[in-house]
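Q: Please take a close look at a single part of this model. Describe its burial, its contacts and its setting in the fold.

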Amino acid sequence: MRGSRTENLTVSRAVGANVAALRKARGLSQRALAKQTEQAGKLVGFSTICRMEKAAAHGASPVAIYVDDVVSLAATLGVTVQQLITAPKCDACMDSPPPGFACRTCGAEA
């Protein structure tokens with residue numbers, strides 16, 4: 001069933017954006033992250049991670065995300081669930097500029 005409930009899942013977009021930023025900051029590919037979630041006890045598949053990250057883009061269709069997947073990803077990435085579901089303050093750097101750089105939009109430094 002598609003309707004207004006699924007049209008603007010801002011939390012799922014935040015999760016996708018945060019997963020992508022944290023994964024890249026840790027130098028992991030999507031496949032490597034999926035493998036690490038399996039080793040941590042709850043597999044989040046490669047295709048699921050791809051869909052989450054793709055949905056984070058502006059204009060992309062949002063996706064529903066299982067709570068169990070959020071918990072597994074947070075544990076694997078070493079962050080709290082709250083950190084994973086909270087939208088970043090800066091859309092330019094996702095509150096996480098690359099090491100050695102500062103964000104031109106918000107001024108955050110790595």
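The part in question is helix α5, and the answer works outward from there.

A: This is a predicted model, in which local features need pLDDT of at least 70 and side-chain atom pairs count only at pLDDT 80 or more, while totals for chains, interfaces and linings use all residues. Residues are numbered from 1 along each chain as its sequence is written, and side-chain values use heavy atoms, with hydrogens and water left out.

Start with the fold. The protein has six helices and zero strands. Both kinds of element are DSSP runs, numbered from the N terminus: H or I over at least four residues for helices, E over at least two for strands. Along the chain the order is α-α-α-α-α-α. Of the 110 residues, 38% are buried. Buried means under 20% relative accessible area, exposed means over 50%, and partly exposed lies in between (1.4 Å probe, protein chains only). Contact means heavy atoms within 4.5 Å. Among contacts with a separation of 6 or more, 52% join residues 24 or more positions apart.

Now the helix itself. Helix α5 spans residues 67-77. Its buried residues are Asp-69, Val-70, Ser-72, Leu-73, Ala-74, Thr-76 and Leu-77. An α-helix has 3.6 residues a turn, so residues three or four places apart point the same way. The cover over the buried residues of α5 includes α2, α3 (30-39), α4 (46-55) and α6 (81-85). Just after the helix, Gly-78 takes a positive phi of about 75°.

Thr-76 belongs to α5. Its relative accessibility is 18%, so Thr-76 counts as buried. Setting aside residues up to four places away in sequence, Thr-76 touches Leu-33, Gln-36, Thr-37 and Ala-40. Ala-34 is 42 residues from Thr-76 along the chain, yet their C-alpha atoms are separated by 9.3 Å.

Next, the core. A nonpolar core is a set of buried Ala, Val, Leu, Ile, Met, Phe, Trp, Tyr and Cys residues joined through side-chain atoms within 4.5 Å. The largest one here has 15 residues, and those with the most contacts inside it are Val-19, Leu-33, Ile-49, Leu-73, Leu-77 and Leu-84. Helices α2, α3, α4 and α5 each give two or more residues to this core. The most come from α5, with four residues. Val-19 touches Leu-73 and Leu-77 of that group, along with Leu-33, Ile-49, Glu-53 and Leu-84, again leaving out residues up to four places away.

Helix α2 (residues 10-25) also holds polar residues, including Asn-18. Asn-18 is buried, at 8% relative accessible area. A polar atom of its side chain lies 3.4 Å from the backbone oxygen of Gln-83. A polar contact is a pair of N or O atoms within 3.5 Å; within protein, one must be able to donate a hydrogen and the other to accept it, and residues adjacent in sequence count only if both atoms are side-chain atoms. Ser-12 is in α2 too. Ser-12 counts as buried, at 7% relative accessibility. A polar atom of its side chain lies 3.0 Å from the backbone oxygen of Val-63. Beyond neighbours within four places in sequence, Ser-12 is in contact with Pro-62, Val-63 and Ile-65.
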